[in-house]
Structure formats: C-alpha cells, structure tokens
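Got the viewer open? Let's take a walk through this model, one selection at a time.

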Amino acid sequence: MKLRFLLLLILCLAMLVSCADNATKEPEAEEPGNDYTFGVFADIHSSAAYFNRTLDNFFTLTNNGEELDGVVLIGDILYTAEDKTPNYDFINESEKYNILSDAGKIAYAMGNHEFPLNAVGEDERVQSSIDLFREKTGLETQADTVWNGYHFITTAPKDYSGALTTEQESWIIERIENALSESDEKPVFLFIHHPIDNTLNSSRNSDRHSEEFEEFIKGQPRLIVISGHTHYTLSDPHSIYQVPGGATFLYTSVVYTSVGQSMAYADTDHREFSSQAILLSVNDKTNVVTLKRFYVDEENPTYLEGGDWTFDIPAMIKESKKTDVSTDVYKYTDKREELSVAPYFAEGTEITVSDYTDSSIEISFPNALAGAEGEDSYVGYYKIEVFDTESDEILVSSKIISDFFILNKLDTVSHAFYGMPNAKGWRVSVTPVSTWYVEGTPLTVEVTPPAPEFEEVVFDEEHVYTVTAKDITPVGNSGHYSKYDEYINVTQKGNCTMRYNFDVEKTGKYRVIINAGADSAITTSLSVTYRDSNGNDTVIFETEEKFGTGSASKANDFTCAEFDAVETGTYIVKLKKSKSFGTLRVFNFTLARISEGAVFDYIDEDIENGATIGSIILTKNSLLPRVWPNSITREEIAWAAEKMGNKLVKLNDACKAVGGKVMYVGVPEQHSMLREDYPEKFHCDGEYLDVIEEEFYKALDEREIPYINMKSIFEVEDYRKYYSPTDHHFTVFGAFRTYLEIMDRLEADGLADGRLAEEDFKVTELENVFYGSRALAIDHIYPIPDKISYYEPINPIPFERYDKGVRVNWIHYIPKDTSKSVGYYIYMGGDNPETYIHTNRPELPDIMIVGDSFSNPLEALLYTSFDSLLAIDLRHNKIKTVYEYVEEFKPDILLVVRDDTCYLSFDGNGSF
C-alpha cells in the first residue's frame with residue numbers, strides 16, 4: 001500500500017515537472033505557406049517594345065523569373081486592321097516569352113483586336129482568326145489552366161464585338177463551379193478581355209453578357225475577374241470593384257491608359273509615364289491574394305503609390321454570409337465613395353495669371369493635396385471656371401485631369417482659355433475634385449481684362465435682316481422644344497437646331513446676332529452655310545461656345561459671328577443647343593451687313609517708313625503683322641518642343657498599329673519668310689521663330705519622327721513668289737512646291753507612287769481681286785491689288801467628295817462673277833471639319849491630313865496622287881478624335897501640316 005502510494009506520488013511529480021517544462025517552451029512557428037506569383041497584362045496593341053519591356057519587368061521583380069509561376073495575357077496584345085491577318089511574329093520572337101511558353105507558364109485570353117477590325121458574326125475572318133490563334137500560340141481559345149492548384153480560366157469573345165455566346169457562358173460557369181468544388185477556400189481567377197457588364201467604370205450597359213451569367217459571376221466571393229480593353233489607369237480607385245459579399249473585378253492595361261472622358265490632360269504627356277501592369281501573388285496557406293501594381297519601365301519598374309490591393313479570401317467567404325459586410329474585409333465596394341474626403345490646396349496657394357488679353361487668359365497653380373492618405377485618395381481633376389464678375393455668369397469652363405497617375409508629377413498645373421466673351425472683369429475659380437468626385441474649396445483670383453482693341457461696329461441699315469421666333473424653323477427632337485410667336489424654348493436635355501434661310505442682296509462683311517436667354521451654361525454651336533444656285537451647301541463659318549444668363553426669359557445678344565458674304569444669295573444660319581441640361585429661349589436672329597470702313601489717308605513716305613493701321617504694318621512690298629518681343633526662354637521652348645514631340649510619338653504609334661506612319665510638314669508663315677520687309681523701327685520675331693524651329697526639329701530628330709521643313713527649302717529658292725503680299729498663307733505656288741517635296745519624300749520611302757509633274761497641271765489666275773487676311777484686317781485698304789491662282793490636273797481625275805458626309809462636286813470654289821472679290825477660301829471652299837475625297841484607284845495608298853487653312857491648297861493637289869484622302873481640322877472638328885479617325889480610316893500616311901508660328905501650339909490642330 002505504501003509502495004503503491006509512493007509510486008503514484010512520483011508519477012504525479014513527474015507530470016507536474018513535465019507540465020512546467022512545457023509551459024516554458026516556445027510554441028513551434030507556423031509554416032508561412034508558399035507565395036505563388038503571376039504576371040498579368042493586356043492591351044499591348046502590337047507594340048513589341050511594350051511587350052518585351054513588360055516581360056523584362058516581370059523577370060526583374062521575380063528574381064530573374066525564378067519566382068514567376070505564370071503570365072496571363074488578357075487580349076488586344078495584337079492590333080489587327082480590317083483587311084489584315086493577325087500577326088503574332090513579335091510575340092513568338094520574344095526570348096522571355098519563349099522561356100515562359102516552353103515551361104507551360106503562359107495563358108492567353110483573346111481580345112477583340114486579335115480579330116480583324118469589325119469582324120463579327122458569320123464573317124470567315126472570325127474563324128480564321130481563332131484557327132490562327134491556336135496555331136501560333138499552341139493554346140485554346142477557352143482554357144482552364146491549373147497552376148500550383150489554382151485555376152486560371154481564360155476565354156475569348158465570340159468575335160470583334162466582345163460578346164459571349166450562350167455556350168461560352170455555360171462553359172465558364174461549369175469551369176468555375178468545378179474549380180470551386182475542389183477546395184473550400186482557394187480563389188478562382190477568370191480572365192476575360194471585356195469587363196463584365198455593370199461592374200467597373202466604362203463597363204456600363206454594354207449588353208455583352210446575359211443577366212443570368214452576370215448574376216452568377218457577381219455572386220461568387222472566391223472569384224477574381226481581371227479584364228483589359230478600357231485602358232483604365234490602375235492608379236484610379238475605379239479600376240477595382242467588389243460586389244459586397246460577392247466577386248472582385250479589376251482592370252489591367254499596358255500600352256497607355258485612359259483617365260477621363262471629355263477632359264484635357266495636364267502639362268505632360270500621360271502615355272509616356274502611365275503604362276502599368278500587375279504582379280499577382282497568392283499564398284497557398286492563407287489564400288490571401290495580393291496585387292502589386294507597377295509602372296512598366298525600361299529599367300527599374302516602380303510600384304504605384306497607394307500600396308497593394310489585397311483580398312483575404314477565407315475572410316470574404318465568412319463575411320459573404322452576413323447581411324451587412326465589413327469594409328475591413330470587402331475593402332473595394334461602393335462604400336469607398338461614402339467615406340471619401342475632399343482634396344485641398346495647401347495654405348498660401350494662389351492662382352498665378354501668366355498672361356491675358358481681352359479674350360484670353362493663361363493661369364497656373366500648384367497641385368492640390370489629397371484629403372486623406374491611402375490607395376483611394378487622389379486629386380482626380382480640376383474644375384476651372386471663369387465668371388463674369390458683373391453678372392456672375394460662367395463664361396468658359398474646363399476640366400483638367402490631375403497627374404495622380406503619372407510617375408513624375410508636376411509641381412504646377414497650367415491652363416489657358418482663348419476666344420472668351422468680352423467682360424469688364426473675370427473671376428477665375430479652380431476647384432480640386434477627388435477621384436470620387438468630391439469637390440474641395442476652390443482657389444479664386446479676379447482679373448480686369450484690357451478693353452477690346454476694336455471700334456464699335458456700324459451696320460448698313462439697308463441690309464439688316466431680322467427674323468423673329470415665329471419664322472425660325474426648329475429641327476430636332478420634337479419632345480424637347482416648344483414654339484411660340486415670341487420665342488422658341490429648347491428645354492432640359494434637348495438637342496435641337498434652330499434654322500433660318502436669309503436671302504442676302506449685297507456682298508460684304510456680315511455679323512450674326514442671336515437674341516436669346518438661358519437659365520444655365522448651355523453649350524451652343526452656330527454655323528453659317530452658303531447655298532449656291534445649284535443647291536450645293538458650303539459651311540463658311542462654324543463655332544461652339546457656352547452661353548447662360550441665369551434666366552431663360554432675359555433676352556441677351558450673344559454669339560456675334562462675322563463672315564464674308566462673297567456672293568449674293570441664300571445664307572443659312574443655324575443655332576444648335578447641345579444635350580446639356582437647361583433651357584435655352586431664342587427670340588430672334590439678326591443678320592447685319594457691316595458698313596464700309598473709313599478711308600485712311602496715307603502718303604508714300606508713311607508706307608516707306610512703315611505706316612500702321614491697327615495691328616497691320618503697311619510697307620511698299622507687303623502687309624505684315626505687328627509683333628512684340630516676348631520673354632520666353634530657350635529652356636521653356638525646349639520643354640514645349642519635348643512635349644509636342646511626345647505627342648507626335650503617340651500619334652505615330654497609333655498609325656503604326658494600323659500599318660501607317662506619321663510625317664510632319666512644317667511650312668513658314670508669311671511674316672516669317674518676309675522678315676526683310678519689316679521697317680527698322682518695328683520688331684520682327686525672327687530670332688524667336690528660329691529658336692522654336694531649332695528646338696522643335698531637334699525633338700523630332702531625337703524621336704525619329706520623319707518631317708519636312710519647307711523653310712529650309714524655300715529660303716534657298718525664289719521664295720517671294722511663294723507668298724502673297726496681303727495674306728499670311730503661302731500662295732498656291734508655295735503649296736505646289738510643298739506638294740512636290742512631300743511626294744518625292746513619300747516615293748523615296750516607298751509609300752507613294754502617284755506624283756504628278758508641273759506639266760501635268762494647268763494654272764489659272766483669277767480675274768477677281770484677291771483680298772488676303774492682312775488686307776481684310778484693314779478693310780481692304782492697300783495700294784497694290786493682289787491676285788490668286790489655282791492648279792487643276794490637265795487630265796481630270798474623277799472623284800467623290802464629302803464634307804461631313806454631304807456630297808460636294810468641286811475642289812475649288814470659284815465664283816462665276818469676275819467682279820466679285822475672293823479670298824483664300826477658293827481652295828477647298830475654306831476650312832472644313834472633315835473632308836473625304838475618293839478617286840477609286842485602289843492601287844494607290846490612302847492619305848490622312850491634320851491641318852488648317854495652310855493645308856487646303858495642299859489637299860486640292862494631293863488628292864490627285866492617292867486613292868482616298870481624309871482631311872480633318874481639329875479647330876472645328878467635334879465629330880471624333882484623331883485616334884478614332886486613324887483606327888477607322890487606316891491611313892498609309894498621316895501628314896500633320898502646321899505653320900512655324902504654331903509648332904508649339906497645343907490648341908486646335910495641336911490638341912491630338
């Protein structure tokens with residue numbers, strides 16, 4: 001008994017000692033699990049440079065690729081033009097792609113551009129593109145690839161439209177359900193080029209997927225759907241979205257990114273610094289997914305500000321069963337918008353007015369600060385408004401994208417408004433707006449513009465035509481206007497045109513005056529069209545501006561547009577209200593002839609010494625503009641040249657994607673070539689233009705953008721015949737010399753083969769007196785008459801011409817009455833937003849021109865040497881962007897034609 005008790009006591013003591021030892025031991029460390037890493041990108045659009053750079057970045061970030069478990073391409077890696085075969089050569093020639101492909105580490109979801117442009121339905125190009133994809137990649141168009149136990153499901157759209165068939169949707173659902181059944185907590189990845197409808201920004205109501213499919217996809221908390229297509233920047237919080245209790249959706253894109261609709265970019269080229277991709281990691285123990293976003297860089301990929309995107313899949317599964325899910329777990333839902341705060345300007349920040357005239361203003365201000373820290377806090381854009389200090393009406397406004405998505409951010413943002421309505425005072429307001437559209441406190445500054453430099457206009461009372469609302473014809477959606485004898489109301493989101501045909505009995509300069517009121521800032525466009533005796537219409541004036549008095553019932557004269565009526569006959573005045581909200585009330589239209597100008601007395605001595613009328617200098621040989629010295633430094637000019645060079649690289653890349661290329665054609669303006677005509681007492685800005693020329697063409701050389709500098713050609717020839725004494729453009733002889741140079745260069749590069757020689761044309765000098773732009777500026781007072789000529793082929797070339805879709809049957813606008821004066825508009829009828837000429841010669845290439853009035857006589861020559869010619873003038877063209885035109889027209893060559901005073905102008909035809 002005692003022995004048994006003793007043994008039991010010893011056993012208890014031993015157990016106590018053992019427990020004490022265990023209590024002091026450290027617990028064994030838990031295995032951390034393995035992180036599997038995958039590269040994801042989309043939208044290369046046939047750029048081998050970006051393709052290779054992205055793969056290089058993946059290898060750089062993953063220990064020379066050793067930690068890279070796979071790479072997923074989500075479509076539009078190619079860019080296939082309408083009649084071309086998809087070209088996979090640059091992909092298969094990539095060294096790192098072949099390393100990954102041989103190791104079975106590539107998955108590829110086709111996009112719409114792996115199909116030829118607009119190939120849909122039963123088009124045989126659809127099936128041949130699918131067959132070619134399989135042949136070139138060795139992959140299937142629908143695949144369920146399993147890497148390290150994780151499912152990567154890829155699928156192709158049915159064709160260029162981006163939609164899915166019922167069978168494709170069923171297959172995706174089946175594969176997702178199968179993947180989900182294999183484990184309880186592993187995430188499943190779906191890669192589909194076009195985003196699921198109604199999830200991310202720019203994916204609204206596209207009707208590519210059935211409601212049942214959308215509902216299934218959105219309801220899976222373990223599903224992560226990654227798309228491309230929209231080029232949305234990964235810096236923007238709208239690039240990721242989680243359905244509360246459901247799936248996670250996000251974008252990725254490489255070649256360039258979009259950051260806003262109908263907004264201008266800040267003072268740097270966004271494409272160069274915003275190409276981005278994703279490095280996706282998942283831990284096989286915790287099933288936490290991490291997405292690292294980085295800039296695609298030539299040498300050192302840099303992670304984006306704001307940190308990684310992370311999803312704790314097991315926590316999301318538990319949270320999905322709750323009615324109100326936690327924002328700590330589901331971090332990327334719409335609740336982010338509710339929690340967002342306004343950005344702000346630092347204390348002491350001011351708007352600096354850089355320059356202003358009676359109708360323009362340039363401002364700058366420091367970048368604002370985000371209202372909070374974190375990945376969703378950025379200054380998205382700036383709302384800039386200029387108010388009339390008397391009426392408090394908004395005269396002009398603009399939205400400027402912030403540079404939150406750019407690696408090298410600017411310290412200062414600059415912007416300019418031109419062609420502003422006259423006012424006694426302006427109040428400029430700059431409001432910072434977050435990426436969640438929350439507005440901060442604006443900065444303001446007041447400016448007193450100088451008085452306009454023109455005298456009050458006197459009208460010829462005999463030729464003032466006024467028409468009241470009862471006789472004006474509204475054309476548009478009948479649900480959006482009401483017509484009364486006294487006025488026409490265009491209400492709410494109306495899109496309606498008011499039109500009246502005036503019968504003009506006397507030629508001369510006319511002004512259009514609209515008597516109207518508006519309850520808010522309404523966007524309106526005004527145009528004047530001349531209709532000849534054959535019923536052909538020619539738009540001779542078109543403009544767009546915002547108008548608003550704060551009261552629709554308060555009549556106010558606005559949109560006073562001047563134009564030259566060189567023919568008597570019918571002139572059609574049109575006023576159009578855009579689809580913006582608000583009420584526009586129109587009372588009457590007036591078309592009034594401006595009285596003849598006063599007669600200026602001058603003597604030969606004044607001409608000899610350089611007499612002036614307003615801003616025009618009269619010399620013995622020419623009319624020249626008055627110019628004043630400026631303080632712009634060479635460094636500032638070089639910076640602007642770099643910026644314009646980058647823009648041309650972007651445009652050239654877009655042309656390359658459709659099989660074409662850009663060529664810049666620079667032509668000197670009249671006063672730039674006729675510098676020797678300036679009297680000694682007047683400033684000539686020749687040295688300034690020379691610096692611009694030097695820095696600009698240096699920037700093009702560095703970027704390998706081909707160009708023609710006509711100044712270097714003109715100045716060693718008899719250049720005076722290339723210029724009119726009364727107009728700022730070159731003559732048709734200067735245009736013809738430029739045509740020959742363009743064609744010689746294109747033929748040398750193998751891009752054209754249709755050059756005509758001078759003997760193939762006949763030259764006609766019009767009997768009519770020609771009043772150039774300088775002469776018009778002084779009401780035609782000049783002692784030497786001027787003439788104008790035009791070229792036309794001796795053997796006529798049949799053509800079809802359309803201006804904005806309206807058939808036009810002529811190239812030159814020649815009046816029948818030789819007693820009437822003419823202007824530079826005889827070439828192509830003047831400036832047109834969009835002109836298309838087709839000569840039905842498919843063996844010749846197609847040419848596209850971005851240009852202003854300098855390109856009009858060139859267009860009248862170049863159409864003779866090409867199958868089709870498309871010319872757009874971005875000063876007037878609100879139809880499409882230049883990139884949309886390039887994608888649709890697919891030019892073999894795109895000419896950018898600008899004069900040397902506009903090389904570094906980013907407005908109008910520099911706004912591409």
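Contact here means heavy atoms within 4.5 Å. With that in hand, note that this is a predicted model, and start with two helices.

**Stop one: H12 and H14.** Select residues 634–657 for helix H12, then add H14, which covers residues 686–702. The H12 residues that meet H14 include Arg 634, Ile 637, Ala 638, Ala 641 and Leu 648. On the H14 side, look for Tyr 688, Val 691, Ile 692, Phe 696 and Leu 700, among them. Colour the contact by class and you get 11 nonpolar, one polar and five charged residues. Two packed helices are described by the angle between their axes and the distance between the axes. Here the axes come within 8 Å and cross at roughly 40 degrees, and H12 and H14 are therefore oblique to each other. The crossing is right-handed.

**Stop two: what H14 lies on.** Keep H14 selected and add residues 661–667 and 707–709. These are strands E35 and E36. H14 lies across both strands, running at about 160 degrees to E36. Now bring in helix H16, residues 732–748. H16 packs on the sheet too, touching E35, E36 and strand E44 (893–899). The direction of H16 makes about 150 degrees with that of E35.

**Stop three: the eight-stranded sheet.** Time to show the rest of the strands. The sheet is open, with mixed pairing, and its order reads E36-E35-E44-E42-E43-E41-E39-E40. At the edges are E36 (707–709) and E40 (806–808), each pairing on one side only. From one strand to the next, the twist averages 20 degrees. For a detail inside the sheet, zoom to 846–851 and 868–872: these are E42 and E43, which pair in the parallel sense over five bridges. Which residue in E43 is the bridge partner of Asp 846? Pick Ser 868.

**Stop four: the three-stranded sheet.** Jump back along the chain to an open sheet with antiparallel pairing and the order E14-E15-E18. Strand E14 (352–356) and strand E18 (412–417) are at the edges with a single partner strand each, so one side of each has no neighbour in the sheet. Neighbouring strands are turned by 15 degrees against each other on average, direction ignored. Select 361–366 for E15, which six bridges join to E18. Within that pair, Glu 362 stands opposite Ala 416.

**Stop five: H6 and H7.** Select 166–181 and 211–218 to get another helix pair. How far apart are the axes of H6 and H7? They are 10 Å apart, and the packing angle is about 20 degrees. H6 and H7 are therefore roughly parallel to each other, and H6 passes H7 in a left-handed crossing. Show side chains for Glu 169, Ile 172, Ile 173, Ile 176 and Glu 177 in H6, which meet Phe 213, Phe 216 and Ile 217 in H7. By class, that contact divides into six nonpolar, no polar and two charged residues.

**Last stop: confidence.** Recolour everything by pLDDT. The mean for the protein is 85, and 86% of its residues reach 70 or more. Residues 5–14 are below 50, and this stretch has zero contacts in the model beyond near neighbours in sequence. Then select 597–605: pLDDT stays under 50 there as well, but the model has nine contacts beyond four places in sequence for these residues. Where pLDDT is low, the predicted coordinates should not be read in detail.

Note on methods:
Residues numbered from 1 in each chain as written. Predicted model: local features only at pLDDT ≥ 70, side-chain atom pairs only at ≥ 80, totals over all residues. Heavy atoms only, no water. Pairing = 2+ DSSP bridges. Helix = DSSP H or I, 4+ residues; strand = E, 2+ residues; numbered from the N terminus. Axes fitted to C-alpha atoms, helices over the stretch in contact; angles between N-to-C directions. Parallel < 35°, antiparallel > 145°, perpendicular 65-115°, else oblique. Left-handed = near helix turned anticlockwise from the far one by under 90°. Nonpolar A, V, L, I, M, F, W, Y, C, P; charged D, E, K, R; others polar. pLDDT = per-residue confidence, 0-100.
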